[in-house]
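Please open the model in a viewer and keep the selection panel at hand. The tour moves from one selection to the next and states what is found at each stop.

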Amino acid sequence: MGERLTKGDVEKIKAEIEDRKINVRPKALEDLKAARAQGDLSENFEYYAAKRFNNQNNSRIRYLENVLKYATIIDDSSASDRVGINNTVAVHFMERNMDRTVRLVTSIRVNSRRNIMSIESPFGKAIMNKRVGDIVEVQGNDGTSYHVRIDKIENTPDDDSLSISRY
């Protein structure tokens, strides 16, 4: 089984693949050709840099195509009073007496620095389908547990600021 993706995720991946094939690949090949024309390849840094960039681009295309090939498409709709995909959720960590706002997304769009959490994570699994006021026990991967209270749920529209993870 591959990644669980929403229709929005699939569209973003298709757009990135198309951009890489139509815009990035020709530029990478042009740079490679220009560097190769400079002569001796054994000490030609520009050639190796251009070759590396071209290989990285082709690798990224293959990676994204494989993600799509094996993906499972999931519905990103949820009831307005329940936590779901693309919801921004205000939670209160009971043991630490700390508030935090997180957004739940599919695992391919996670960015922990921006509090964008996966629905596949222990935290995401624990709060999915919960309501405001629910107190949930979250079981960590290391065997520890903590409690969070759901304080607020907002439906967050899918936006372009959430990019597909690089690997």
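Strands, as the word is used here, are DSSP runs of type E with at least two residues, numbered from the N terminus. The model is a predicted one.

**First stop: isoleucine 150**

Select isoleucine 150, which lies in strand E7. Is this residue buried or exposed? Its relative accessibility is 0%, so isoleucine 150 counts as buried. Leaving aside residues up to four places away in sequence, isoleucine 150 touches ten residues that can be displayed next: Val83, Val89, Ala90, Val91, Ile127, Lys130, Arg131, Val132, Gly133 and Asp134. For a sense of scale, add glycine 8: the two C-alpha atoms are 26 Å apart in space, and the residues are 142 apart in sequence.

**Second stop: the largest nonpolar core**

Now widen the selection to Val83, Val89, Val91, Phe123, Ile127, Val148 and Ile150. Within the largest nonpolar core, which has 18 residues, these touch the most other members. Colour strand E3 (87-93), strand E4 (98-105), helix H3 (122-127), strand E6 (135-139) and strand E7 (145-155), the elements that each give two or more residues to this core. A second core, separate from this one, has nine residues, including Val10, Ile13, Ile17 and Leu64.

Centre next on valine 148. Not counting residues up to four places away in sequence, its contacts include Val91, Phe93, Phe123, Ile127 and Val138.

**Third stop: the aromatic rings**

Show the rings of Phe93, Phe123 and Tyr146, which form one aromatic cluster. Over the whole structure, a search finds three aromatic pairs. In one of these, tyrosine 47 with tyrosine 48, the ring centres are 5.5 Å apart and the planes stand at 70°; angles over 60 count as edge-to-face, so this pair is edge-to-face. Tyrosine 47 is buried at a relative accessible area of 9%, whereas tyrosine 48, at 42% relative accessibility, counts as partly exposed.

**Last stop: helices H1 and H2**

Select residues 7-36 for helix H1 and residues 45-70 for helix H2; the two pack with their axes 9 Å apart and at an angle of about 160°. Angles over 145 degrees count as roughly antiparallel, and H1 and H2 are therefore roughly antiparallel to each other. The crossing of H1 past H2 is left-handed.

Finish on asparagine 54, which is found in helix H2. With a relative accessible area of 8%, asparagine 54 is buried. Which residues does asparagine 54 touch, not counting those up to four places away in sequence? They are Ala28, Leu29 and Leu32.

Key:
Residues are numbered from 1 along each chain as its sequence is written. This is a predicted model: local features need pLDDT of at least 70, side-chain atom pairs count only at pLDDT 80 or more; totals for chains, interfaces and linings use all residues. Side-chain values use heavy atoms; hydrogens and water are left out. Rings of Phe, Tyr and Trp (its six-membered ring) pair if their centres lie within 6.5 Å; planes under 30 degrees apart count as stacked, over 60 as edge-to-face and the rest as tilted. Buried means under 20% relative accessible area, exposed over 50%, partly exposed in between (1.4 Å probe, protein chains only). A nonpolar core is a set of buried Ala, Val, Leu, Ile, Met, Phe, Trp, Tyr and Cys residues joined through side-chain atoms within 4.5 Å. Helices (H or I, at least four residues) and strands (E, at least two) are DSSP runs, numbered from the N terminus. Contact means heavy atoms within 4.5 Å. Axes are lines fitted to C-alpha atoms, for helices over the stretch in contact, and angles run from 0 to 180 degrees between N-to-C directions. Angles under 35 degrees count as roughly parallel, over 145 as roughly antiparallel, 65 to 115 as roughly perpendicular and the rest as oblique. A crossing is left-handed if the near helix is turned anticlockwise from the far one by less than a right angle, and right-handed if clockwise.
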